[in-house]
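Good morning, and thank you for joining this group meeting. I would ask you to look at the structure on the screen while I describe selected parts of it.

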Amino acid sequence: MGSPTRFTYGVSTQPKGSFAGDYPLPDPFMTGGTKGKEVYTYANDFVDLGNNASRVIVGTNSTFALTDGVNGLGILTPGAGTTASAVHRAAASFQFIEGKKLWCVHRIKMSSVAGNTVFYFGLTKVSGGTLATTDRLVFSKAAASTSLNLVSTVNNTATTLVTGAATVANDTFITAGYYYDGKDLQVFVDGALVARVQDVTVGASGTTLTNALLSPIFGMTPVSGETVTIDYAMVAQETSR
């Protein structure tokens, strides 16, 4: 890492004379370029677990806790050897909207991806704190495969948008994410653009992406007590308010 550029008086994203014009850091909610257009962000590096009420653990007796490791790590452990387990935010705060940008990325791994293990992460519908599998956009490793695919589900209809975005390996971190620019969906793995889905549609049924309210999720179906370890997750969305 090289030496940082130094802005000793700060950096502003607001015009002078505005409310936050002399605030010495970038405005955390909006830029001055387009009035009313803002970005809101969920980011978690799992250095601590924060508010337990904001998180839901799915799976009988399954647990999610911090674990030792550089960078800050969290580990999802199934309640039994084959218990399907997941972690998601309690409230759904994100939504695909045509013309508005959305980013979603996870750095994550599964202890073993052999056999019929299932492993997934991304965004899913949540309503009143309850997980719904009817609508989502997730990276998914299916049983009897090590291929990581991007799968969109809209009103219970699942479509694989990208096949073989990556190959997952035992106990090996992968960083995978997608960026919706308001028109196209770009897919990134370990920093490289691996696919582009053009002219996607957004809606409640028969579209490329769902318009349901979504929450970040990661989960698995183990076969012999496998675990999922997460380094970080980030979801951000362009909005107007």
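Let me begin at a turn. In the hairpin formed by β3 and β4, 5 residues lie between the strands, and Gly-69 there adopts a positive phi near 155°. Please keep in mind that this is a predicted model.

Which strands does this hairpin join, and in what sense do they pair? Strand β3 covers residues 63-67 and strand β4 covers residues 73-77; the pairing is antiparallel and runs over 5 bridges. Opposite Thr-67 one finds Leu-73, which belongs to β4.

β4 has a further partner. With strand β17, residues 228-240, β4 forms an antiparallel pairing over 3 bridges. Within β17, Thr-229 is the bridge partner of Ile-75. A general remark may help as you look at these strands: side chains in a regular strand alternate between the two faces of the sheet.

Let us now follow the chain beyond β4. Thr-82 is placed in the loop that links β4 to β5, the latter being residues 85-89. Is Thr-82 buried or exposed? Its relative accessible area is 55%, and exposed means over 50%, so Thr-82 counts as exposed. Thr-82 nevertheless has contacts from elsewhere in the sequence: leaving aside residues up to four places away, Thr-82 touches Thr-221, Pro-222 and Val-223. Thr-117 offers another relation to consider: 35 residues separate Thr-82 and Thr-117 in sequence, while their C-alpha atoms are 9.0 Å apart in space.

I turn next to the chain as a whole. How many helices and how many strands does the chain have? There are 0 helices and 17 strands. For 241 residues the globule rule gives 18 Å, and the radius of gyration is 19 Å, close to that value, so the chain is as compact as a globular protein of that length. Along the principal axes, the C-alpha atoms fill a box of roughly 60 × 45 × 35 Å.

What share of the contacts with a separation of 6 or more links residues 24 or more positions apart? In this chain the share is 62%. Of the 241 residues, 41% are buried.

Finally, the surface and the charges. The chain exposes about 11,900 Å², of which carbon and sulfur atoms supply 53%. The chain carries 16 positive and 16 negative charges, and the mean positions of these two sets lie 4 Å apart.

Thank you for your attention.

Terms used: Residues are numbered from 1 along each chain as its sequence is written. This is a predicted model: local features need pLDDT of at least 70, side-chain atom pairs count only at pLDDT 80 or more; totals for chains, interfaces and linings use all residues. Side-chain values use heavy atoms; hydrogens and water are left out. Helices (H or I, at least four residues) and strands (E, at least two) are DSSP runs, numbered from the N terminus. The radius of gyration is taken over C-alpha atoms; the globule rule is 2.2 Å times the number of residues to the power 0.38. Buried means under 20% relative accessible area, exposed over 50%, partly exposed in between (1.4 Å probe, protein chains only). Contact means heavy atoms within 4.5 Å. Accessible areas come from the Shrake-Rupley method with a 1.4 Å probe; for residues, only the protein chains shown count as cover. Lys and Arg count as positive and Asp and Glu as negative; His and the chain ends are not counted. The place of a charge is taken as NZ of Lys, CZ of Arg, CG of Asp or CD of Glu. Two strands pair if DSSP finds at least two bridges between them.
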